[in-house]
Amino acid sequence: MKTKGKRSVKEVLQAYCFIAPFVIFGGIFMVYPICNQFIRSMFNTKWGGKTVFVGLENYIEIFTDPIYLKAIGNTLLFVIIAVPALILLGLFIAGSIFDKHPIYVSTVRICLYIPTIVSMVVMSTIWRFMLDSQSGLIKYFANLFGIGTVDLLAGATSAKIIIIVILIIVNLGQCVLLYLAQMIGISKDLMDACRVDGGSRWHLFRYILIPLSKPTTVLVFITDTSLVLKVYVVIQLLTSGGPNYATSTMMYRLYEDAFVNYDIGVASAMGVLMFVVTLVLISLRFIAEKKEY
């Protein structure tokens, strides 16, 4: 019994030794920055100026300033539209090709994944080249067909639609890849049983592919929500938050406050708010998942 007890203690110590590096690095690079960000958000800190404790004034400024409110609304709009669209398109494309010839599946997978691995700066530059109102490809073809000058980035609605389309194109490849990995591993017996019972492709989607892909859907929701909330480069290079702050987001405002206006306190408050929004959205998804079961 003593030997057994000593062995169990030794195993426990070994387990703690294995997880210790992850706990330590997680505390240093995740927990500490979050706590430090929250503390900084309670101060009025500017480069070259005095640090003054202001309590919740930075948060009050965010929720009372129309520019910040517009940035929060735009961010939530992008998440509400882009993330469900990515999930639905990922499910549809993966479910349509997962049982096709391997060469066909690989070709589609590579074509969809190329925008994901290409730098966002490169992607934004390409889109800027196409959408530029002075020398862009769209202007060229518009003049060619006699449509006249087309400046899609000048309108608030069209600029938002373009940002959403770019977000979907850039992140779709990863979604399809994850769903394909899940669906390829589904037992063929279930699919054969569906076909024998006279089930159509729609029944295969509804009763087999979608229910068995729920863990992947949760993963896609978490990763894509995080990516869309942090969108910055495409907005900086295409619209600079315009027109009239129509495409300004929380991440864009955070960068502007921190590195243009040098207002670290408000930037930290925005960072904390982004963390809370992400946490709430992901928590709601997990709550909905539990209710389904």
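Select first the buried residues of helix α4, where buried means under 20% relative accessible area with a 1.4 Å probe and protein chains only; they pack against α3, α5 (120–131) and α7 (156–184). Helices here are DSSP runs of H or I with at least four residues, numbered from the N terminus. This is a predicted model, in which local features need pLDDT of at least 70 and side-chain atom pairs count only at pLDDT 80 or more, while totals for chains, interfaces and linings use all residues. Residues are numbered from 1 along each chain as its sequence is written, and side-chain values use heavy atoms, with hydrogens and water left out.

The buried positions of α4 are Val105, Val108 and Pro115. The helix has 16 residues and reaches 22 Å from its first C-alpha to its last, close to the 22 Å expected at 1.5 Å a residue; the expected span is 1.5 Å times one less than the number of residues.

Next, centre on Pro115, which lies in α4 (residues 102–117). Pro115 counts as buried because its relative accessible area is 15%. Not counting residues up to four places away in sequence, Pro115 touches Met123, Ile169 and Val170, contact meaning heavy atoms within 4.5 Å. A C-alpha distance of 7.7 Å separates Pro115 from Asn171, 56 residues apart along the chain.

Move now to α3 (residues 66–97) and α10 (residues 214–229), which pack at an angle of about 145 degrees with their axes 9 Å apart. Axes are lines fitted to C-alpha atoms over the stretch in contact, and angles run from 0 to 180 degrees between N-to-C directions. To display the contact, select Thr75, Phe78, Val79, Ala82, Val83, Leu86 and Ile87 of α3 together with Thr217, Val220, Phe221, Asp224, Thr225, Val228 and Leu229 of α10.

Stay on α10 and colour its buried residues, among them Thr216, Val218 and Phe221. Asp224 of α10 is also buried, and its C-alpha atom is 24 Å from that of Tyr32, 192 residues apart along the chain. Tyr32 lies in helix α1 (residues 2–40). Tyr32 counts as exposed (over 50% relative accessible area), because its relative accessibility is 52%.

Finally, select Met183. Within the 65 residues of the largest nonpolar core, Met183 and Ile62 touch the most other members; such a core is a set of buried Ala, Val, Leu, Ile, Met, Phe, Trp, Tyr and Cys residues joined through side-chain atoms within 4.5 Å. Leaving aside neighbours within four places in sequence, Met183 is in contact with Leu91, Ala94, Gly95, Phe98, Met191, Leu209 and Ser213.

How values were computed
Helices (H or I, at least four residues) and strands (E, at least two) are DSSP runs, numbered from the N terminus.
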